[in-house]
Amino acid sequence: MQKRWFQTLIVLILVFLLILLMSAADFIFDPLFKYVGAVAFPFIGAGVLFYLTRPLMHLLEKLKLNRIMAILVVFIVLIFALYIVGRYIVPILENQFANLINNIPTMVSTAQDIIAYWQANQNVIPAEVNETIDRLTSNLQTYIESVMSFIFGFIGEFISLLFMLVLIPFFLFFMLKDGEKLVPFMTQFFENKKAANIRSLMSKIDDTLTSYIQGQLIVSFCIGILLYIGYLLIGLNYALTLAIFGMIICVIPFIGPYLAVTPAMVVGLFQDPLMPVWVAIVMIVAQQIEGNLVSPNVMGKALHLHPLTVITLVLAAGSIAGLLGMLFAIPIYAVIKTIISHLYETYQDAQKDENDALI
């Protein structure tokens, strides 16, 4: 028992020393980190597509297609999906987005008129509050322009990322073709019992990532469809653009739906004073359908994460790493939790038989 704790302590000390040495030798690791950062986007994009398309590949293999032919069919399906989106959805999005941008000055002017009317008919507002409102009103156009410049800057960065998209098919092809060879390659250096332990750990991590990626994307897609139908029913302008925005933002766990509905409520307010109420009702209905029908059947309880844990992780990751942190906080935490749980189970087994220990 004492020997086991001593070995664990030595490992922890060595890990911290390694981290210290890496921080001191940043001139060596900076180029490596830059290289990793350069391939991170296509690798993550291909990884997401890998977990989405792998079931289709396995289904095709069950239909007696060989691996290469199955992968080619998967690529044909992806190309066809992109063609449908580009042919029928992108033109509508471009038109609605252009109309929304052109309508922003009118929305700003309307907001200024409402604030001015409200100020003129209020006699009990302190002078300081009036001065603050005046400053906000006078700078409202500037604020809107700043927001729009940020959006266009983000779009510019996004376009630069599109050039990396050409790498995604290559990553995806080899993930689908050789992905199952990773675990045997990792375990070939270990004896049978330890190799079986590592295979079990990798299988659990794979199940965790599969549950999260497939589940979260399917849930977000269903929410986007429900929002689009709801927005059409209530007659909200720019319904498709706002629904697709909501679908994308809903990828962020828990707080995504609240962020998704905000632009729709703002647009609805300028369309009709009662429209935000209808937008809120649409979101509530969509969330109820998703929470009671879609999520339980798609994601279930696979991740075993408490809602408070999800909120804390998303908020903390958002403050540290922004949008990317919010997107990746939950899967990273779920993988770490899976690893720690497995190591703890291994440790308990090692108390009975030292041959079950990983170290």
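1. Before anything else, a term: a crossing of two helices is right-handed if the near helix is turned clockwise from the far one by less than a right angle, and left-handed if anticlockwise. With that in hand, helix 8 passes helix 9 in a right-handed crossing. Keep in mind throughout that we're looking at a predicted model.

2. The overall picture is quick to give. The protein has 12 helices and 0 strands, so the pattern along the sequence is just α-α-α-α-α-α-α-α-α-α-α-α, with helices counted as DSSP runs. Of its 359 residues, 28% count as buried. Take the contacts between residues at least 6 apart in sequence: 70% of them join residues at least 24 apart.

3. Helix 8 deserves a sanity check. With 43 residues at 1.5 Å each, helix 8 should span 63 Å, and the C-alpha atoms at its ends sit 62 Å apart, which agrees. Right after helix 8 comes G235, with a positive phi of about 75 degrees.

4. Back to the pair from point 1. Helices 8 and 9 pack at an angle of about 155 degrees, and their axes are 8 Å apart. Since anything over 145 degrees counts as roughly antiparallel, that label applies to helix 8 and helix 9. On the helix 8 side the contact is made by S220, F221, G224, L227, Y228, Y231 and L232, and on the helix 9 side by A239, L240, L242, A243, G246 and M247.

5. Helix 9 does something similar with its next partner. Helix 9 and helix 10 pack at about 160 degrees with axes 8 Å apart, which makes them roughly antiparallel too. Helix 9 passes helix 10 in a right-handed crossing. Helix 9 brings L242, F245, G246 and I249 to this contact, while helix 10 brings G256, L259, A260, P263, A264 and V267.

6. Now the nonpolar interior. The largest core has 22 residues, and the members that touch the most others are L227, Y231, I234, L236, L242, A264 and V279. At least two residues of this core come from each of helix 8 (192-234), helix 9 (239-249), helix 10 (256-271) and helix 11 (275-298). There is also a second, separate core of 21 residues, including A46, L172, Y212 and I252.

7. Y231 is a good residue to click on if you want to see that largest core. Beyond its neighbours within four places in sequence, Y231 contacts L236, A239, L242, A243, A264, V279 and V282.

8. S220 is a second one to look at. S220 belongs to helix 8 and is buried, at a relative accessible area of 2%. Setting aside residues up to four places away in sequence, S220 touches M247, C250 and V251. M247 is also among the helix 9 residues in the contact with helix 8.

9. Last, A260. Where does A260 lie? In helix 10, and A260 is buried, with a relative accessible area of 1%. Its contacts, again leaving out residues up to four places away in sequence, are F245, G246, I249, C250 and M283. For M283, the separation from A260 is 23 residues in sequence and 9.0 Å in space, C-alpha to C-alpha. F245, G246 and I249 turn up as well in the contact between helix 9 and helix 10.

Definitions and conventions
Residues are numbered from 1 along each chain as its sequence is written. This is a predicted model: local features need pLDDT of at least 70, side-chain atom pairs count only at pLDDT 80 or more; totals for chains, interfaces and linings use all residues. Side-chain values use heavy atoms; hydrogens and water are left out. A nonpolar core is a set of buried Ala, Val, Leu, Ile, Met, Phe, Trp, Tyr and Cys residues joined through side-chain atoms within 4.5 Å. Buried means under 20% relative accessible area, exposed over 50%, partly exposed in between (1.4 Å probe, protein chains only). Helices (H or I, at least four residues) and strands (E, at least two) are DSSP runs, numbered from the N terminus. Contact means heavy atoms within 4.5 Å. The expected span of a helix is 1.5 Å times one less than its number of residues. Axes are lines fitted to C-alpha atoms, for helices over the stretch in contact, and angles run from 0 to 180 degrees between N-to-C directions. Angles under 35 degrees count as roughly parallel, over 145 as roughly antiparallel, 65 to 115 as roughly perpendicular and the rest as oblique.
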